[in-house]
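Colleague: Could you walk me through this one? I would like to look at the coordinates with you and ask a few things as we go.

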Amino acid sequence: MRDVVERYGLRPNRAGFIQCPFHQGDRTASLKIYKDNFHCYGCGADGDIFKFVMLMENCDFKTAFRQLGGEYSGSGLSDAAVLRIKKRQIERDEKDRIMKQAKEKYIQACDKMKAKAQEVESYEPMSDEWCSGKNELEKLQAAADDALAQLLDLQRHESG
Ligand SMILES: [Zn+2]
């Protein structure tokens, strides 16, 4: 991580901090360089070497990987190590994808519920269609609750 940072002419101080290149006016050097990742205590920028290059170069993961892959095979880091880092990135992307899906599922469930509630309102109260509509509404409500619980669960894992 450190040598990648130094490539950009950024020198970590004795405590391993640099002035954050990702937010303005960081006079106190609030971006900490760890062994495999970085974290800015000012703006919250966070990630591994690939993320760092992606942010610095404003490029996608593939480009950053290609850059670092070349760099690392030249600097003695094994392909296995590079692949390991890549795998971690892919796992993180997978988590993001699952989280996004869960969010969409919840939004869809809410939309369905709202649509059904409107439909039920147009029926005559206590009529057959009103009753069955109410039943369906309850099921949709339960599905939305499930989706929300799942989403909250994922977010808990993410932060914990
Ligand atoms: Zn920052």
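**Contacts and overall build**

Modeller: Happy to, and let's start at one residue: leaving aside neighbours within four places in sequence, A147 is in contact with A102, K105, Y106 and A109. Do keep in mind that this is a predicted model.

Colleague: Which helix does A147 lie in?

Modeller: We have just met A147 through its contacts with A102, K105, Y106 and A109. As for its own place, A147 belongs to the helix that covers residues 128-159, and that is α5.

Colleague: Is A147 buried, partly exposed or exposed?

Modeller: A residue needs 20 or more other C-beta atoms within 10 Å to be buried, and 12 or fewer to be exposed. A147 has 19 such neighbours, so its class is partly exposed.

Colleague: And E104, is that buried or exposed?

Modeller: E104 sits in helix α4, residues 79-121. The limit for the exposed class is 12 or fewer C-beta neighbours within 10 Å. E104 has 12 of them, so this residue is exposed.

Colleague: What distance separates the C-alpha atoms of E104 and L151?

Modeller: Along the chain, E104 and L151 are 47 residues apart. In space, their C-alpha atoms are separated by 9.7 Å.

Colleague: What about A147 and K32: how far apart are their C-alpha atoms?

Modeller: These two are 115 residues apart along the chain. K32 falls within strand β2, residues 31-33, while A147 is in α5. Their C-alpha atoms are separated by 37 Å.

Colleague: How far apart do the C-alpha centres of the two domains lie?

Modeller: Domain 1 covers 2-79 and domain 2 covers 88-159. The C-alpha trace of the protein spans about 75 × 35 × 25 Å along its principal axes. Between the C-alpha centres of the domains, the separation is 39 Å.

Colleague: What radius of gyration does the protein have?

Modeller: For a compact globule of 160 residues, one would expect a value near 15 Å. The protein, however, has 24 Å.

Colleague: Let's turn to the sheet. Which strands stand at its edges?

Modeller: Four strands make an open sheet with antiparallel pairing, in the order β1-β2-β3-β4. Two of them have a single partner strand each, so one side of each is left without a neighbour in the sheet; they are β1 (17-18) and β4 (46-48).

Colleague: Which residue in β3 stands opposite I33?

Modeller: Strand β2 (residues 31-33) and strand β3 (residues 37-40) run antiparallel, joined by three bridges. Opposite I33 in β3 we find F38.

Colleague: What angle does the direction of α2 make with that of β4?

Modeller: Helix α2 packs on the sheet, where it touches β3 and β4. Its direction and that of β4 make an angle of about 115°.

Colleague: Which element gives the most to the largest nonpolar core?

Modeller: That core has 17 residues, and among those with the most contacts inside it are I49, F50, F52 and V53. Elements that give two or more residues are α1 (2-7), β2, β3, α2 and α3 (61-74). In α2 (residues 49-57), I49, F50, F52, V53 and M54 are buried. With five residues, the element that gives the most is α2.

Colleague: One last thing: which residue just after α2 takes a positive phi?

Modeller: Helix α2 covers residues 49-57. Just after this helix comes a phi of about 55°, and the residue that takes it is N58.

Terms used: Residues numbered from 1 in each chain as written. Predicted model: local features only at pLDDT ≥ 70, side-chain atom pairs only at ≥ 80, totals over all residues. Domains from an automatic or database assignment. Contact = placed C-beta atoms within 7 Å. Pairing = 2+ DSSP bridges. Axes fitted to C-alpha atoms, helices over the stretch in contact; angles between N-to-C directions. Core = buried A, V, L, I, M, F, W, Y, C linked by C-beta atoms within 7 Å. Rg over C-alpha atoms; globule rule 2.2 N^0.38 Å.
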